[in-house]
Structures are given as C-alpha cells and as structure tokens.
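Subject: The structure you asked for

Hi,

Here is the structure, ready for you to open next to the sequence. Have a look around first, and then read on for what turned up.

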Amino acid sequence: MATNEFDTATQAMPLPGAGPLMRELQIDEIVTSRTNPRKSFDQGKLSELAASIKAMGVNVPIIVRPLPPERLQDTFDNRSKGMPLPAYEIVAGERRWRATKLAGLATIPAVIRYLDDAQALEVQIIENLQREDVSALEEAEGYEQLMQATGINADAVAAKIGMSRSYVFGRLKLLALCSEARDALREGDIDASRALLLARIPHHTLQIEALDDVRNGGYYSSAREAKELIHRQYMLYLRDARFDVADATLCPKAGACTKCPLNTANDRDLFADVKSADMCTDSKCFEAKEQAHNDRVLKAAHDQGYEVIEGKEAKALMPHSYSTRVEGYLRLDDKYDSPTDEPLRALIGQQMESAGIKPTMIANPHKEGELVAVLLPSQVSTLLAQAGHEEAVVAVEKDNQAEAKAAKEKEAAQEKVKYESTWRQDVAARIREELLQQPESTLPSGVVLLLAKREANSLNQEQAKQFCKLHELGKVGQSQAIFDWIDAHPEPVSALLNLLVFRDTEYRYWLDAKEQNKYLLTIAKEVGVVALTVQQSTKANMRAEKATKKQQEVKKAALSTLPDDSLKPQEAASTPPPAAQAQKGRGGKKGAKAQASETPKTSAEFARAQIAEAMQAAESPAGAAEGVGDGQEDISGAAAAAQDDDAQAVAVAQPATAPTRTAAWPFPPTKPLADTHAASGEQLTVGAWVTVNNTHSNKKLRGERGQVYSKVRDDYLINIPDRSPFSSTREHLTPCEPPAAAVAPADPDAFKEGVKVRIKADADIAPKYSRLRDQEGELRYSVGAKQNVWRVAFPGIIKRGLPEVQSFNIKDLEIVQ
C-alpha cells in the first residue's frame, strides 16, 4: 500500500478486558476529558513544569483510555485542519500533558486502560483529590460527580478516599453556597472553614449578608469570630421557641422541627462542631412558625371572649422592652405587681372565677405571641377585699397613690419642656417674619455670606434636615441646598440672622436662665419681637389644648361607663378603653373594703347625670383656663338628684366646642373681647385705642396712647407706636379716641391667593422698595403663622424673564376692586 507524509504509524488498540498498556503516544492524538474535576491551571506553575519536562522529560506517564464512541463527533468537529483524528482521552495527568505540549515535545508516555465512564470518573476524582493544591470547592464537586455517576453514598466515598464521614459531609455542604460565596472561596477571600459556616445558612440573601462580615477584612474574619457570629445571628435555639417544635401543622411545608434536616440534632456529622443539639439553622422558617403561633394565640384569646389590646395602644401601655409592666394595670401572673410574694392570680383567682371576670389581655409589643393578663387596680382592690386580704388591699392602694403622684410629676415635667420649647420656636418664627420686612443691611455682603456659610457648615445632618423643611428647600442634598439658599438670599444679613436664630432655638434645661438662648432673645429684641408676649400666648394655647384633651377624655370615659357593677361579667367587653381604665384605676379614694361591702346603687339615670356634669365642668370657662384637675371630683348636683329612682329627666351636656388657638403677635383678630373686670363695666375690643392712666406702675408708660391687639387671661396686649408692645390689666387702661392718622387694622381674611392688590402710596416700606409704591400686583402666598405678610407678584415688572416677587405686610396693601 502506498504511503505519504500525512500517514501516521497506527498501533493496535487494546481490547476490552485486556490489561493496561504502556505506550509513547503522539500529543495530537490525545484530547482532554470533559469530566475532569480540575477546572483551573496556574499558568506560572505550568510554565515551570514545562521547563522541567523539556530538560528531563516526563517521569510519570499519564493515564488515558480509548476515545469513547460518544466523543467521536465533537472531536472530529473541533480538530484543526490537517491534524490527525484523536484516538485517546485523558483520564488522569492533564496538567502533565499541557506542560509537555507547552514544552514543544511531540510525544508523551501514557498508560492505556480500558475504562467505562463511571470507572474513568472514579479514577479522575480519586487521583485529583490526592493533589496538594486541590480547592475545597473542586473537591466537593468531585464527590458529587462520583456519587451521581456510581450511585454510591457519602459513606462509600469516605471509605474510598480514606476520610471521615464528617469530612465528606462538610465538603458536600459547600455546594449549598450561593454564587457570590463560591467566587469568594475560589478567590481566597474566605477559607473552607468560613465557607462551611456560610453554607449552613439556607437563604441566599442571608448568606450574602453574612459574607460581608466574615470575608477577609470584615469584622469577623477569623474562623472563631465567624463561627460565633453565625451561631449568634443566624442560628436559633429551639429550646427558646414559643411554639411547639413537634407541631407539624404550624407550617405544613416545613413540617416538625424535630424531623427537619436543618435541625443540628438531625445531622450531627455536618454539625459536629456545634455543641448544642437543638439549634435551627433556618431563621426565616423559625420566624414564620413564630408568626403562625402568634396568630393562633391571638385568635384563641378572641374566641374565648377576652378583650385583647394590641398595636399602638399596647405600645402606649407597655413602652419599655426591658419590662412587662403595664401602665394603669396590675399583672396577674407577675409577683412584682402583687403586694405579697405570690402573684395576684393565686390570691384572687377564685373570686375572679366566681364573679365571672375575665382579665384584659395585652399583646406584648416587644415579644410577639406573648399575652399579659391584667386587671385594673380598682378591680384588684375589690377582689382582694372579698378574699379577705386586708393588708394587701392597703398595700395596693398605697402603690396606686404613689404611682399617681409620680405620673402627675412626670406630666408636669413634660408640660414644662413642651412650653419652654414651643415659645422659643414661636419666637424664632416671628423673627423670621420680621426679617422679611427689615431694610437691607449696610454691612459688606461678602463678609456676611462667609459668616452665614460658617453657621450653615456647623449644622449636623438632623439640623440641616429641619432647616430645609422649615424653609422648603427640598429633601435631597440638604447641605448644598442651604448654601444655595444663602447665595440666592436677597438680604445676606437676614440669612445670617435666620441661621443664628435656628441654632439657638433649643431649650437647654441644664443651663442657667441667664445663659439660655442669648442669640435668640437678642435678635428678637432687635427686630421688635417681645418674648414675654409670645410666652403668654404659648401658655394660653397650651391651656386651650389641655382643656380640649380633657373634654375628649371625658367623652371617651363616658362612652365606656356602664350602669352595672364593674365586677359583673360584661357581654360586649370586659374592660373599658385603656385611657379610661388608667384614670379610673388611679382616681378613686374610697376604701376597697367599703366598695366590696356596699351594695351597688348605680342606675342608668345616675350614670347619665355623671356624664353630663363631667362634660359641663370640662366645657366651662374656668375649666378651660385652669386645665385638667388633679383628681376626680365628688359627684353632686344633677348626678345626686338623678340618684332618685323616680327621676325622669337629666340635664344633657351641650356639644363641646374646641378652643381657638391664640393668634401669633401682633394679633389681628376682629372679634370683640369681653372685659371681665368688674371695675370698668365696659368692653375693650381689638383695635380699640386706650391711654395708660396714672395708676400704672411704669411711670414712663403713663399718658401713652396705644392700640389693643389681644387679651391673654386678665392682661390686654397693647401696641404703642415707636415702642415695644406690653401687657397691662384693665384698671390701668382708659379708652380714648384714635389718632387722626390711625387706620383700623386690615382684615386678614380679605387677603387670599390670587387677589389683586396695590401697594399703598404711604406704605411703610424699605427705601429700596419705594419704587413699588402705587404698583399693582397679585397675592401669591402668605409667609409665616400670622398670615399678615404676603408674597406679591408684579406682572408689569419683569426680572430674568419672570415677574418680580416681594414680601409686604397687609397694612401696606390695599385690595383692588
């Protein structure tokens, strides 16, 4: 037969069943295996091996097998033009084959073995695992391939490679890593021990969250620290579960925790390093079961007729996470609410059952699924008296009185803080309004801008947020927005003063009164804002709010008042609303023994009379002025009359009217104010002119003529031209005629958005705005709380393509008909 240069020497193929053959094979007739567990080759080390082979040759032959029939097509399609067809597939030794090819050698010694796919894979995996540089992830993938190809289990794999079962299970668990964690393991950002800890977390998102903490450079980068983190944050003790771990119906898909593979007790080979044998590694499943358990508990309580308080109301009653104490109630199962060493339930449980009383259940807002059984202190006192615990009754009432006193002191402290903070904020608001009317400063604007920006730069993040909200500067890039606001402000001094006032508005209770708010009070004095007037206004507003709150509480309590004895079972609800309960539990002063011994005489008429009388007292002027009383008043009047069974009618309280909030200075209301001073016999109305008579203690004010702006309790607020406003009682004021040039205050209700106005010819405005006198414009929006300063747009005066807009007081405007 003829031959040519393209022919190659052909050797006989080994037959099935024949032993291994040792041959020198051509490099080009060998192809790599698609099942080789080794996927990466270090090019630097491969070059070193190639240099060694070039000098010394291949000392250890590679293992190959005849090319499987299923690979004939792909090897034919992928061979280079002019190259011979491959005849062998590498089983082990691919790195040596690559280095030989890189060294430029044409042949390589090889052992030819006839192996099927499963046998070849087993040889590849076991040979590959003997390498020193095999990665943990490659090792895990190799075990998985071996088990899938041969059908053996982890025990058989452990026997073949000479490793323990725990070692094999640990490597196989690495296959549960998310892609991000696998990449970190390949790149050396985490080691195999930390990777195994991550693999125990069954959720992708939680794995990524933990990965950031345990990777190199993280807070928990050592194996010990990472283990502590994973155990503490991502594993939960089943012994602490509030639900039954053997209950398979809580989450049917998950089943019972006792049989779950994610329970460390059910896979000790994988969790050999976890000392506790009852830990759940699936925190999301644990939380889902807790929620299902909580829903069951709440539903059961409702089905049994208990009143359950939850949500915001429960949070108000149990504000602290470190304690289960309930405001206004006593816990039945906590001995700390009992006057003895035994919990209340042990003392009054029989009396509760005989009277048919069911406790109120408070859903603990700090521990879901926990219901706290409570009763009102008045109920507890009565039940203790019925049970014969006289000393306990005295102790409970003493505790109630102490708690009531502490609550009153706390409320007073909160009222003081609210008052001190509010009047400072009001002063700051009025300063901002006055600054809109101030003439332009003659100070160098560049210096003022630098000072303003220095103040702005000292604001923290929260302060910058509040300042931007106050001046409507947006919610994004707040620091830069403040700087832009300063640069664009038409009056730099006004911008600087606004910042100084804003930074000095806080109430600093720890400072002496003389040291507080120096900037705020000094600037207020300079721009004509009287702090004393603002304080009086704030007090009046708080009294009005307190009176309104009392009316609401009285109505709420009235709705929950029932004519029956409070100890008898109630059909609709076992206890009134929380706010009413807390007040009734602390207000009564009648001995519990007397309450228990007397026969209830309450009738429907008597209850309605109580409601009417309480509401009338809350709506009276005296009640509005003085605020909420210290305790419940004795029942008298209509209520006492209604105690008679023959009573046919009871006075009904009129609907309460919410008190009107006192307007901000300079107080431009139009309603006349009734003068309650008996000495005068006449009324002073807002806008009326008066003269300070000779009885006034301040001699400098005597004979001065001013105008009434408002009245706070017994004081009239008077504005004297060219002087700061002051307050005075009625006996020091004498009505008089207004000056010839005086004009009645403008009605603020007439000024609305879109109304056309004209700047008065004699308007008291800054010189730079004198050009706008007699100019017509349109109202845009009011500025500040007083609504007596408006932004006016002038369509006839265009600046930068837009109508000019300036601020004016309504006293300088007249409406164009």
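How much surface does the chain expose, and what share of it do carbon and sulfur atoms supply? The exposed area comes to about 46,100 Å², and carbon and sulfur atoms supply 51% of that. Please keep in mind that this is a predicted model.

Some overall numbers to get you oriented. The chain has 817 residues, and 39% of them are buried. Its secondary structure comes to 27 helices and 23 strands. If you take the contacts with a separation of 6 or more, 65% are between residues 24 or more positions apart.

Now for the strands, starting from the N-terminal end of the numbering. Strand β3 covers residues 62-66, and four of those five residues are buried, so the strand is largely enclosed by the rest of the structure. β3 has a parallel pairing with β5 (residues 107-112), made over three bridges. In that pairing, V64 has I112 of β5 as its bridge partner. β3 also pairs with β4 (residues 88-92), this time in the antiparallel sense and over four bridges. There, P66 is matched with Y88 of β4. As a reminder, strands of a sheet pair through backbone hydrogen bonds, in either a parallel or an antiparallel way.

Moving along, E139 caught my eye. This glutamate belongs to helix α5 (residues 136-150). Is E139 buried or exposed? E139 is buried, because its relative accessible area is 6% and the cut-off for buried is under 20%. Setting aside neighbours within four places in sequence, E139 is in contact with L129, V134, Y167 and R171.

A248 is another one to click on, in the loop between β6 (236-237) and β7 (279-280). With a relative accessible area of 38%, A248 counts as partly exposed. Not counting residues up to four places away in sequence, A248 touches G255 and A256. T258 is 10 residues from A248 in sequence, and the two C-alpha atoms are 9.1 Å apart in space.

Next, a sheet with a helix across it. Four strands make an open sheet in the order β8-β10-β11-β9, and the pairing is mixed. β8 (308-309) and β9 (330-331) are the edge strands, each with a single partner strand, so one side of each has no neighbour in the sheet. The partner of β9 is β11 (residues 371-375), and the two pair antiparallel over two bridges. To find the spot, look for R331, which stands opposite V374 in β11.

Helix α15 (residues 377-386) lies across β9 and β11, and runs at about 65 degrees to β11. How many residues of α15 are buried? Eight of its 10 residues are, so to speak, tucked away: the helix is mostly covered. The buried ones are P377, Q379, V380, S381, T382, L383, L384 and A385. Just after α15 comes G388, with a positive phi of about 85 degrees.

If you'd like something on the surface, go to Y509, in the loop between α20 (492-503) and α21 (518-527). Y509 is exposed, with a relative accessible area of 60%. Together with W510 and L511, Y509 makes a nonpolar surface patch of about 370 Å².

Last stop: strand β19 (residues 756-759). Which residues of β19 are on its covered face, and which on the uncovered one? V757 and I759 are on the covered face, while K756 and R758 are on the uncovered one. That fits the general pattern, where the side chains of a regular strand alternate between the two faces of the sheet. β19 pairs antiparallel with β20 (residues 776-782) over three bridges, and V757 stands opposite G777 there. β19 is also joined to β23 (residues 813-815) by three bridges, again antiparallel. In that pairing, I759 stands opposite L813.

That's the tour. Shout if you'd like to go through any of it together.

Cheers

Technical notes
Residues are numbered from 1 along each chain as its sequence is written. This is a predicted model: local features need pLDDT of at least 70, side-chain atom pairs count only at pLDDT 80 or more; totals for chains, interfaces and linings use all residues. Side-chain values use heavy atoms; hydrogens and water are left out. Two strands pair if DSSP finds at least two bridges between them. Contact means heavy atoms within 4.5 Å. Axes are lines fitted to C-alpha atoms, for helices over the stretch in contact, and angles run from 0 to 180 degrees between N-to-C directions. Patches are made of residues with over 30% relative accessible area and no salt bridge: like charges are joined within 9 Å, nonpolar side chains (Val, Leu, Ile, Met, Phe, Trp, Tyr) within 5 Å. Accessible areas come from the Shrake-Rupley method with a 1.4 Å probe; for residues, only the protein chains shown count as cover. A salt bridge is a side-chain nitrogen of Lys or Arg within 4 Å of a carboxyl oxygen of Asp or Glu. Buried means under 20% relative accessible area, exposed over 50%, partly exposed in between (1.4 Å probe, protein chains only).
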